[in-house]
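Here's a quick tour of how part of this structure fits together. Have a look at it first, then read on.

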Number of protein chains: 2
Amino acid sequence: MDMSDRCDFRQWLASQGLKLTAVRLAVLEILGAASCALRAKEILEVIRSRRRVNKVTVYRILEDFCNRGMVRRLSLEGRVSHYELACEHRPPHPHFQCHTCREVQCLEPVPLTRVWTELQGPVGNRADHIDIRVEGLCHKCREEA
Amino acid sequence: MDMSDRCDFRQWLASQGLKLTAVRLAVLEILGAASCALRAKEILEVIRSRRRVNKVTVYRILEDFCNRGMVRRLSLEGRVSHYELACEHRPPHPHFQCHTCREVQCLEPVPLTRVWTELQGPVGNRADHIDIRVEGLCHKCREEA
DNA sequence: AAAATTGTTGCAACTAAGTTGATTTTGGAG
DNA sequence: CTCCAAAATCAACTTAGTTGCAACAATTTT
């Protein structure tokens with residue numbers, strides 16, 4: 001199911017006019033290999049298992065990728081942002097977060113065309129993205145309880 | 001716990017077995033008077049315009065109210081939580097946040113029964129809340145642009 | 001009424017996550 | 001290879017919230 005092999009990260013960086021650097025490539029590869037959205041700290045730790053890197057570099061790369069629409073920043077809960085690849089193989093989708101273990105699952109994209117217009121709000125608002133987060137108890141934590 | 005009339009905060013606290021204290025009452029009144037979700041800092045500043053109070057007190061009261069389901073904590077964007085009253089007159093609803101001015105509007109509740117089952121995710125997950133956030137450009141910012 | 005118990009607030013110090021500005025290093029065009 | 005704008009680094013800082021403990025207040029027990 002991993003579609004990230006269809007993304008050529010080197011070419012993606014080039015098409016964005018970004019230099020190919022070790023940290024940028026690592027961030028894309030790590031997000032591409034991830035089964036769910038990751039925290040900046042997790043990304044940092046994976047890179048650090050391979051090479052020396054400063055957290056500022058990772059934060060600035062993530063910020064830049066988000067501004068370019070290459071990465072999505074999710075506000076799940078608490079004060080920690082999560083990041084996921086926004087390549088063409090990974091359209092926006094809802095997320096499920098467990099109350100107990102705090103783990104995040106990606107859900108299948110749902111058709112929201114029917115509720116979309118209602119969600120625009122007062123006339124004049126121009127909505128461009130809907131972020132859906134489902135909270136609850138995941139199957140693993142249910143089994144333990 | 002029936003509050004078919006307007007919310008009586010003193011009674012609400014009593015029914016929760018909570019003592020009536022100045023700060024607790026102030027938090028409820030401020031959230032009750034707010035037209036949209038507020039940050040802890042904003043609540044703190046309003047209380048401080050009336051009396052001396054420590055931020056820890058406000059954070060602890062908000063935490064407690066959230067645990068009791070009296071207040072909802074919203075993860076809108078960034079690292080700052082927003083809080084809104086969860087009394088019976090204020091059911092859960094989607095929020096709109098403007099890219100530009102960051103202001104938050106409350107949207108009308110939408111019926112999600114159609115998508116609810118799809119949003120549960122893998123079998124075994126027990127979802128109990130859906131949080132919907134719409135991002136875009138609000139009507140005020142559109143006029144300015 | 002005094003003492004004990006419980007609940008609430010205050011204060012200082014701390015933490016986690018991210019940001020800023022100044023400086024050094026480097027990818028890759030020429 | 002040379003060069004320089006772009007990228008990475010480092011220390012210091014900020015913001016939002018948390019923790020542990022002491023002080024205080026409100027009930028309950030004696």
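## A pair of strands

Let's start with one pair of residues: B:R72 sits opposite B:E84, which belongs to β3(B). Keep in mind that this is a predicted model. The strands around that spot, β2(B) and β3 (residues 81-85) of chain B, run antiparallel and are joined by five bridges.

## The whole sheet

Zoom out a little and you get an open sheet of three strands in chain B, ordered β1-β3-β2, with antiparallel pairing. The edges are taken by β1 (38-39) and β2 (71-75) of chain B; each has a single partner strand, so one side of each has no neighbour in the sheet. As a bit of background, strands of a sheet pair through backbone hydrogen bonds, in either a parallel or an antiparallel way.

## A helix across the sheet

Now for α2 of chain B, a helix covering residues 22-33. It lies across β1, β2 and β3 of chain B, and runs at about 90 degrees to β3(B).

## Two helices meet

What angle do α2(B) and α4(B) pack at? It's about 65 degrees, with the axes of α2(B) and α4 (residues 55-67) of chain B 10 Å apart. That is why α2(B) and α4(B) count as roughly perpendicular to each other. The crossing of α2(B) past α4(B) is right-handed.

On the α2(B) side, the contact comes from B:V23, B:R24 and B:V27, while α4(B) brings B:T57, B:V58, B:I61 and B:L62. Sorted by class, the contact between α2(B) and α4(B) has five nonpolar residues, one polar and one charged.

Terms used. Residues numbered from 1 in each chain as written. Chains lettered and ligands numbered in written order. Predicted model: local features only at pLDDT ≥ 70, side-chain atom pairs only at ≥ 80, totals over all residues. Pairing = 2+ DSSP bridges. Helix = DSSP H or I, 4+ residues; strand = E, 2+ residues; numbered from the N terminus. Contact = placed C-beta atoms within 7 Å. Axes fitted to C-alpha atoms, helices over the stretch in contact; angles between N-to-C directions. Parallel < 35°, antiparallel > 145°, perpendicular 65-115°, else oblique. Left-handed = near helix turned anticlockwise from the far one by under 90°. Nonpolar A, V, L, I, M, F, W, Y, C, P; charged D, E, K, R; others polar.
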